[in-house]
There are 2 protein chains.
Amino acid sequence: MSNRYPKVTYTEQGLREGMQIEDANIAIDDKIELLNALGETGLKNIVVGSFVSPRYTPQMARMDELMSKFKPIEGVTYTALALNERGVERAKEYSPPLTIERGSGRPSLSCHMCDVFVRRNTNRSQMQEMENWPKVIARAIESGAKEAGIGANASFGSNFLGDFSVDQYMALLEHQHALWEDAGIKVTQASMGDPMGWVHPEKVEQIIYRVKEKWPEVTHWSLHSHNSRGMAVTSHYAALRALGPEDDLALDGTIGGFGGCPYCGNGRATGMAPTEDTMHMMEDMGIDTGVDLDKLIETVWMAEEILGRQLWGHVSRAGPRPSNGIDGRNVKTKVYDMNAPFVETLEQTKHFKLGSKAYEGGVYPWREPIASPYKDRLDKGLPVFEVDGDWPWKEDWFPKPSN
Amino acid sequence: MSNRYPKVTYTEQGLREGMQIEDANIAIDDKIELLNALGETGLKNIVVGSFVSPRYTPQMARMDELMSKFKPIEGVTYTALALNERGVERAKEYSPPLTIERGSGRPSLSCHMCDVFVRRNTNRSQMQEMENWPKVIARAIESGAKEAGIGANASFGSNFLGDFSVDQYMALLEHQHALWEDAGIKVTQASMGDPMGWVHPEKVEQIIYRVKEKWPEVTHWSLHSHNSRGMAVTSHYAALRALGPEDDLALDGTIGGFGGCPYCGNGRATGMAPTEDTMHMMEDMGIDTGVDLDKLIETVWMAEEILGRQLWGHVSRAGPRPSNGIDGRNVKTKVYDMNAPFVETLEQTKHFKLGSKAYEGGVYPWREPIASPYKDRLDKGLPVFEVDGDWPWKEDWFPKPSN
């Protein structure tokens with residue numbers, strides 16, 4: 001199946017988008033331990049935090065300690081957010097292991113569709129963001145860039161200005177496109193952003209279809225969405241379905257789905273797509289994520305331990321869909337014991353990782369042990385249903401047409 | 001937009017699927033209060049609980065008290081689950097207000113694809129479920145039925161037997177279809193079920209496309225899915241997108257997304273699609289749900305109060321995407337004050353319903369009050385962007401092509 005989907009670049013944002021809205025007093029050693037564990041999961045792109053003023057983001061005050069203590073894993077790209085020159089300079093001190101040039105490398109025009117949000121978030125206006133466009137274009141021409149990007153943040157709407165229609169998003173992109181055309185540089189990239197959790201899968205699809213129809217040469221995509229209204233994973237799915245193997249797609253999320261910022265109006269309720277849920281969804285679409293789900297779930301449990309509360313994701317609670325051993329699926333969790341007792345609480349449900357001791361002592365209501373000919377087949381390595389064969393269709397008990 | 005989507009019949013399952021996995025000692029008066037509040041939300045189909053033996057489902061022991069005390073709302077269809085004749089007899093005592101004939105009225109062949117789950121859950125085997133098929137068909141012929149249904153529960157896979165492929169699901173349905181064909185009754189209905197949270201949106205789409213291709217006369221659909229791996233809402237979206245206006249679709253979920261059963265292996269981690277998230281998603285697809293989101297969110301908060309913990313849904317935390325007053329959206333929540341201070345905690349985020357007192361005293365980091373020409377436009381009732389007009393494209397500060 002994977003040959004029908006775009007190439008996905010997934011970035012884990014927990015240490016940045018997640019931690020920036022959490023208690024500033026979380027021990028830096030806990031964050032380092034979490035970052036080290038994330039490096040072992042197979043995730044290939046990890047944001048370590050942000051180099052910003054500690055005055056209003058005290059959560060990031062000890063970035064230097066984090067950078068000097070954590071253990072970078074080879075093959076993982078570590079990045080950090082920097083909002084100004086000072087931040088970039090600080091980040092450069094730690095490169096490597098930090099990668100400073102983030103993103104595609106293509107010069108890109110962007111702004112926030114919500115002028116109010118950008119003023120609240122970065123003390124700049126949308127107009128100041130736009131003022132930068134001619135400079136971006138001049139530098140692109142100077143450096144001989146062959147491809148460029150268009151896009152807008154807060155693409156779908158704003159908690160302060162309301163809904164932005166797909167027509168409005170497209171109108172903005174058309175004006176950006178005209179600027180690149182004027183400069184003689186081909187546009188091959190489009191971005192969608194969503195700091196306030198307005199993303200809707202239907203809009204994601206419509207945007208992709210309309211951009212593709214208008215500018216078929218756009219094949220590089222990114223979608224940074226938040227989960228305030230529970231639409232982030234669904235929007236990932238919509239983007240994966242709407243794009244094809246000729247495209248690449250950058251997606252962001254956080255383990256457990258935590259995250260947000262104090263400026264957007266929803267704080268910790270903002271969240272992001274839980275990384276483990278997106279990875280699990282993609283794996284069962286035949287998209288090879290390279291991620292060890294088992295280790296990824298451990299990092300969610302670790303984050304929850306650090307934060308002292310349950311996060312939003314699901315796969316860390318119920319575990320991955322277990323493998324029956326003959327399905328060729330890359331999942332460590334095996335199908336459950338059919339004679340497991342009642343499983344009721346979240347603690348008992350941890351049996352998928354901790355084994356039967358997690359549900360020990362649970363109610364066992366059956367007079368005789370559960371047994372099934374289907375399970376017998378599985379134990380012999382036979383498929384549970386034979387699509388073109390005899391089982392169970394030719395068994396005596398399987399109802400057959402009379403004629 | 002709504003004319004491209006199927007007609008949706010949504011059933012709220014919180015009092016049944018939700019409460020059956022919760023503490024048996026929850027006060028019946030709390031459940032009655034919750035049921036009464038649900039009746040006021042605009043939800044049209046509500047399951048009140050199940051008439052089952054209290055021995056292994058003590059959560060449903062006081063159904064008689066609930067039935068005699070709750071206040072049915074006119075126009076709402078109330079149903080209850082009954083697994084055997086005794087249960088049906090008990091339910092009949094309360095009809096009205098209970099509606100006993102549940103479902104489409106079309107005779108339907110169904111079984112669980114997972115023989116192990118059905119044995120654990122109802123002490124019957126898949127073979128016993130199938131034994132019933134010839135009787136269903138005989139009764140259908142006798143009553144002169146013109147249309148019939150096919151389908152399978154645990155359509156996508158099982159925690160005890162593993163993955164069921166779309167090919168396997170289709171093979172089972174083909175055999176069912178042959179039985180109806182043999183009886184001369186047209187198949188117009190197909191059902192998907194998912195007691196163990198194996199649903200995947202890609203499989204939902206594939207099933208719909210393949211059934212439609214094979215039997216285009218199938219236009220009545222149902223999808224009962226659980227949320228163990230966070231795919232229930234995404235699967236609702238996939239079904240809505242794959243079906244058309246010629247179809248109808250029955251969907252189930254629970255306020256807050258709680259639910260599960262002790263037999264499935266994931267207990268409370270099973271969950272269902274949070275009703276408020278599905279409703280909110282559908283409203284912004286132009287599907288008129290008839291639901292008052294504000295009241296619906298109140299029932300989620302009420303359920304959380306009763307259960308003593310936060311549930312899974314998102315729209316109850318961040319609130320609906322607020323309306324800017326000129327978008328024609330049916331949402332009570334209005335865009336937020338652009339000079340609201342920091343909003344960080346979930347308690348502060350309740351401002352979307354409780355007003356500014358929820359975030360009173362929060363950090364206000366800006367030297368000057370936030371102001372924006374976009375907000376000025378909104379206050380004058382003007383669109384924030386003029387797709388075919390001048391704003392902001394002709395403003396001095398908007399970058400323009402040089403040629």
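Domain bounds here come from an automatic or database domain assignment. For chain A of this predicted model, that assignment gives domain 1 (2-318) and domain 2 (372-403). Colour the two separately: the centres of domain 1 of chain A and domain 2 of chain A, taken over C-alpha atoms, are 48 Å apart.

A little housekeeping before we move on. Residues are numbered from 1 along each chain as its sequence is written, while chains are lettered from A and ligands numbered from 1 in the order in which they are written. Because this is a predicted model, local features need pLDDT of at least 70 and side-chain atom pairs count only at pLDDT 80 or more, whereas totals for chains, interfaces and linings use all residues; side-chain values use heavy atoms, with hydrogens and water left out.

**Stop 1: the two copies**

Show both chains. A turn of 180° with a shift of 0.0 Å along the axis lays chain B on chain A with an RMSD of 0.0 Å (least-squares superposition on the C-alpha atoms of residues with pLDDT of at least 70 in both). The two copies are thus related as by a two-fold rotation axis. To find that axis from chain B, select Thr234(B): its C-alpha is the nearest to the axis in that chain, at 2.4 Å.

**Stop 2: the interface**

Next, select the residues in contact across the chains (heavy atoms within 4.5 Å). You should get 113 residues of chain B against 113 residues of chain A. Of the interface residues of chain B, 100% are also interface residues in chain A, so the copies meet through the same surface.

The size of an interface is often given as the accessible area lost when the parts come together. Here chain B and chain A bury about 9,400 Å² between them, with 64% of it on carbon and sulfur atoms (accessible area, 1.4 Å probe, lost on putting two parts together and summed over both). Show Arg229(B), Trp312(B) and Arg321(B) as sticks: they supply 7% of the area that chain B buries against chain A, more than any other three residues.

**Stop 3: the cavities**

How many cavities of 30 Å³ or more does the structure hold? There are two. A cavity is a set of points, on a 1 Å grid over the protein atoms alone, where a 1.4 Å probe fits but cannot get out; lining residues have an atom within 4 Å of a point. Points are joined across faces, edges and corners, and a volume is the space filled by probe spheres set on them.

The largest cavity has a volume of about 200 Å³. Of its 17 lining residues, centre your view on Gly230(A), His314(A), Asn227(B), Gly230(B) and His314(B), which lie nearest its centre. Helix H10 (232-242) of chain A and helix H10 (232-242) of chain B each supply at least two lining residues (helices are DSSP runs of H or I, at least four residues, numbered from the N terminus).

The second largest cavity, of about 50 Å³, is lined by residues including Leu15(A), Ile28(A), Lys31(A) and Met63(A). Helix H2 (28-39) and helix H3 (63-69) of chain A are the elements that give two or more residues to this lining.

**Stop 4: backbone details**

Zoom to Pro96(A) and Pro97(A), joined by a cis peptide bond with omega of about 10°. Pro97(A) sits in the loop between helix H4 (85-92) and helix H5 (115-122) of chain A. Another cis bond runs from Trp391(A) to Pro392(A), with omega near -5°; Pro392(A) is in the segment after helix H16 (373-379) of chain A.

Finish at Asn123(A), which has a positive phi of about 60° although it is not a glycine.

Definitions and conventions
On a 1 Å grid over the protein atoms alone, a cavity is a set of points where a 1.4 Å probe fits but cannot get out, and a pocket is an open set with protein on both sides within 12 Å along at least five of seven lines; lining residues have an atom within 4 Å of a point.
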